[in-house]
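Trainee: Could you walk me through this one before I start drawing conclusions from it?

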Amino acid sequence: MKDRFSREITYLRISVTDLCNLRCVYCMPEEEVPKLRNSDLLSFEDIVEIVQMAAELGIQKVRITGGEPLTKPGIVNLCREIADVSGINEVSMTTNGILLPTMAMDLKKAGISRVNISLDTLNPQKYRNITRKGHFEEVINGIRAAEDAGMYPIKLNTVLIGGYNDDEIEDFVEITKTKDIEIRFIELMPIGEGANFHSEAFITAETILQRVPELEPMSHREGVVRLYRLPNGKGRVGLISPISQHFCSSCNRVRLTADGRLKPCLHSSQEIPLKGLRGKELRQAICQAILEKPLKHELLSPAFPSQAGRCMNEIGG
Ligand code: SAM
Ligand code: SF4
């Protein structure tokens, strides 16, 4: 279905839980994490029904995210049910990778074709500092498990944070020389805990092109990502720049929060409640969200943070 600005909305991101086994400094507070009430969460039945209706309205791709989706009991079954919905031709997942070693194979069999794994540093101590709880070797084992399960292409999400990991840009890019992996550098957004960072932490994706000038642009763009590669490199480097160059004109997505609200735009507080709706009412509410998708969001900066009104773990990043 097209929105008012003729954008075809084909992509639904679903946060299946607001809970997480890590506490990344830019995403969640270390303690006193606000939790959604169990009774407010969508059931798996609700989620599948929403996906069925969304597919009737033109959604073709679904991404499962969170919070940490792999901490949600029964997630493999949910993925299978979503992958079986008629009209859905791709189901992927964004995960921190910690639980992939025991789950990757089952997820692949259930229809998760590929995963994006978040990894902001190649240094074990820094990994601990950024995630507050994670062990570096766990995520490395998770990446291996995804490779072994054939979840190609593997994409690593790396949020660039000035003063934390910007000294590792070249090391991340170097990985793509020999490995068929996509490193996706994402600009830090002033949303959730990210809004508490100093302006020096917000560095633009262009910094990568300045630091690694041999990166060559690839002819095609993938949704919100600008793709580059090293000369003769096996992998790719993706730049996602929600701050310095927003991509609203080509935005094709809506997001479902863990408590059943459909967000037409990540950075707007507007949410259309879907929980409890069935049949015609559900259809109308999804259409309303698509039709009310704004042309663009305001420019974001540390002084003008996101108006999302929630942290990324509730919305689904
Ligand atoms: N737990 C999973 C993970 O970390 O991959 C999925 C959910 S997480 C909210 C999804 C993505 O959002 C991650 O790649 C994370 O780095 C990104 N993210 C969270 N907060 C962010 C922020 N303030 N700015 C930019 N990206 C952010
Ligand atoms: Fe958890 Fe992902 Fe947020 Fe990190 S970015 S705290 S792994 S939801």
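Here is a short run of questions and answers on a predicted model.

Trainee: How is the pair of Y164 and F197 classed?
Mentor: Start with the ring geometry: the centres of Y164 and F197 are 6.0 Å apart and the planes meet at 55°. Planes under 30 degrees apart would be stacked and those over 60 edge-to-face. An angle of 55° fits neither, so the pair is tilted.

Trainee: How many residues apart in sequence are the parts that this pair ties together?
Mentor: Look at where each ring sits. Y164 is in the loop between strand 5 (154-160) and helix 6 (169-178), while F197 is in the loop between strand 6 (181-187) and helix 7 (206-211). So the pair ties together parts whose separation in sequence is 33 residues.

Trainee: Is F197 buried or exposed?
Mentor: Take its partner first: Y164 has a relative accessible area of 31%, which makes Y164 partly exposed. Buried means under 20%. F197 comes in at 14%, so F197 is buried.

Trainee: What kind of aromatic pair do F172 and F185 form?
Mentor: This one links distant parts of the chain, with F172 in helix 6 and F185 in strand 6, 13 residues apart. Both rings belong to buried residues. The centres are 6.1 Å apart and the planes are at 85°, and that makes the pair edge-to-face.

Trainee: Which helix gives the most to the lining of the second largest pocket?
Mentor: That pocket holds about 160 Å³ of space. Its lining includes L119, I140, I143, R144, E147 and K179, and by class the lining has seven nonpolar, no polar and three charged residues. The top contributor, with four residues, spans 136-148 and is helix 5.

Trainee: How many charged residues are in the shell around ligand 2?
Mentor: The shell is made up of C20, L22, R23, C24, C27, M28, G67 and N96. Five of these count as nonpolar and two as polar. Arg belongs to the charged class, and the number of charged residues in the shell is one.

Trainee: Is S86 buried or exposed?
Mentor: S86 is in the loop between helix 2 (75-83) and strand 3 (90-95). Exposed needs over 50% relative accessibility. S86 has 68%, so S86 is exposed.

Trainee: How far apart in space are S86 and K133?
Mentor: In sequence, S86 and K133 are 47 residues apart. Going C-alpha to C-alpha, the distance in space is 39 Å.

Note on methods. Residues are numbered from 1 along each chain as its sequence is written. Chains are lettered from A and ligands numbered from 1 in the order in which they are written. This is a predicted model: local features need pLDDT of at least 70, side-chain atom pairs count only at pLDDT 80 or more; totals for chains, interfaces and linings use all residues. Side-chain values use heavy atoms; hydrogens and water are left out. A residue is near a molecule or strand if one of its heavy atoms lies within 4 Å of it. Rings of Phe, Tyr and Trp (its six-membered ring) pair if their centres lie within 6.5 Å; planes under 30 degrees apart count as stacked, over 60 as edge-to-face and the rest as tilted. Helices (H or I, at least four residues) and strands (E, at least two) are DSSP runs, numbered from the N terminus. Buried means under 20% relative accessible area, exposed over 50%, partly exposed in between (1.4 Å probe, protein chains only). On a 1 Å grid over the protein atoms alone, a cavity is a set of points where a 1.4 Å probe fits but cannot get out, and a pocket is an open set with protein on both sides within 12 Å along at least five of seven lines; lining residues have an atom within 4 Å of a point. Grid points are joined across faces, edges and corners, and a volume is the space filled by probe spheres set on the points.
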